Amino acid sequence: MKFNTKTIHGGQEHDPAYGAVMPPIYQTSTYAQTTPGGHKGFEYSRTHNPTRKALENSLASIENGKFGLAFASGLAAIDAVIKLLKPGDEVISTNDLYGGTYRLFTKIFEDFGIKFHFIGMENEDKVASYVNDNTKLIWVETPTNPMMNIIDIKAMAEVSKKHNLLLAVDNTFATPYLQRPLDLGADIVMHSATKYIGGHSDLVMGALIVKDEKIAEKLYFIQNASGAVCGPQDSFLALRGIKTLHIRMQRHCENGEAIAKYLKQHPKIEKVYWPGFEDHPNHNIAKDQMDGFGGMISFVTKGSDYEKAIKIVENLKIFTLAESLGGVESLAGHPASMTHASIPKEEREKTGVVDALIRLSVGIEDVDDLIADLEQAIG
């Protein structure tokens with residue numbers, strides 16, 4: 001079954017009760033039992049829910065995995081992964097990553113004795129140099145948020161397999177439409193399903209997908225024991241979003257390319273970060289491991305003018321100034337004061353997240369309208 005078909009049919013079956021084509025919203029906390037422990041596969045909705053299970057099956061299918069897990073948020077999903085570790089363990093993470101991930105790692109799990117190394121992952125030798133007896137996990141985000149850096153997943157998988165480490169990949173920006181990390185050697189794929197998976201800015205959700213049954217069993221235990229699960233209504237919305245993921249991503253990619261090229265030739269723009277450009281670092285890796293370059297773009301105005309950047313995002317009319325990304329509507333953000341405000345200024349600026357940086361999530365509107373909006377805002 002090819003991807004476009006998987007988004008609609010992958011892992012799915014018609015509801016056994018009445019043959020409903022879309023899985024119903026099972027808005028229930030508990031299930032009748034005929035005898036203690038005697039039930040139809042569901043006993044309590046923190047542990048299992050039919051709507052959430054349908055979503056988890058769909059997630060596994062589109063990522064070419066065997067086991068899917070849905071959580072209350074992307075950070076809840078990441079939290080579950082780090083709970084596979086114990087005090088004294090170490091994690092090698094990319095240094096350019098979502099601010100919430102950085103906050104979770106440094107403000108929560110470092111206090112529990114887990115050590116994190118935040119490094120550039122431009123080559124496997126650099127990553128391997130940080131491996132020691134305590135290293136247990138490599139955490140990759142590619143393309144990275146917000147600098148759009150590309151990390152070679154196959155190369156990271158070689159390092160992880162050589163040293164018997166887990167490799168987890170945040171695939172939020174690319175989605176399984178463009179990139180399937182499990183096929184490239186990753187052990188765990190994470191999504192903030194709030195973004196492209198849901199696709200309509202109407203839910204908050206996270207997801208994990210794995211192939212290995214032992215890893216899955218551990219994560220299912222953590223999911224149930226910690227309880228950060230998503231509800232049936234959000235599960236239904238995510239399932240609905242997945243069914244149009246392929247056609248939405250086609251337009252995100254088309255619009256993203258047009259806007260990236262427009263910005264690159266604009267006389268008032270200093271730098272545009274988009275992996276589709278041939279001069280983008282690791283562009284060839286992006287071509288190899290991705291089926292397109294996506295709709296996420298970051299850029300800096302000439303002179304790295306903070307005030308100009310703020311004026312641009314405030315003056316946009318069609319692009320909405322807002323947190324998040326991946327919805328059908330175009331969004332603009334100022335990472336330094338929004339998504340990455342939790343990262344100390346000196347740390348974020350090392351990776352390029354300067355005060356003048358603007359991040360765009362290019363939606364599926366008419367691209368001429370989007371370009372006209374940028375034109376009037378940039379001036």
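Ser-201 lies in the loop between β6 (188-192) and β7 (206-210). In this predicted model, Ser-201 has a positive phi, near 55 degrees, although the residue is not glycine. The points below cover backbone geometry at selected loop residues and the internal cavity.

**Positive phi values**
- Ser-201 has a relative accessibility of 46% and therefore counts as partly exposed, a class that lies between the buried limit of 20% and the exposed limit of 50%.
- Ser-324, likewise a residue other than glycine, has a positive phi near 80 degrees.
- Ser-324 is placed in the loop between β10 (320-321) and β11 (331-333).
- With a relative accessible area of 24%, Ser-324 is partly exposed.

**Cis peptide bonds**
- Thr-142 and Pro-143 are joined by a cis peptide bond, with omega at about -10 degrees.
- Pro-143 belongs to the loop between β4 (135-141) and α6 (153-162).
- Asn-145 and Pro-146 are also joined by a cis peptide bond, with omega at about 10 degrees.
- Pro-146 is likewise located in the loop between β4 and α6.

**Internal cavity**
- One cavity of 30 Å³ or more is present in the structure.
- The largest cavity holds about 30 Å³ of space.
- Pro-143, which follows the cis bond from Thr-142, is one of the residues lining the largest cavity.
- The lining also includes Met-148, Phe-173, Ala-174 and Leu-178, together with Met-290, Phe-293, Gly-294, Gly-295 and Met-296.
- By class, eight of the lining residues are nonpolar and two are polar, while none is charged.

Note on methods:
Residues are numbered from 1 along each chain as its sequence is written. This is a predicted model: local features need pLDDT of at least 70, side-chain atom pairs count only at pLDDT 80 or more; totals for chains, interfaces and linings use all residues. Side-chain values use heavy atoms; hydrogens and water are left out. On a 1 Å grid over the protein atoms alone, a cavity is a set of points where a 1.4 Å probe fits but cannot get out, and a pocket is an open set with protein on both sides within 12 Å along at least five of seven lines; lining residues have an atom within 4 Å of a point. Grid points are joined across faces, edges and corners, and a volume is the space filled by probe spheres set on the points. Ala, Val, Leu, Ile, Met, Phe, Trp, Tyr, Cys and Pro count as nonpolar, Asp, Glu, Lys and Arg as charged, and the others, Gly among them, as polar. Helices (H or I, at least four residues) and strands (E, at least two) are DSSP runs, numbered from the N terminus. Buried means under 20% relative accessible area, exposed over 50%, partly exposed in between (1.4 Å probe, protein chains only).
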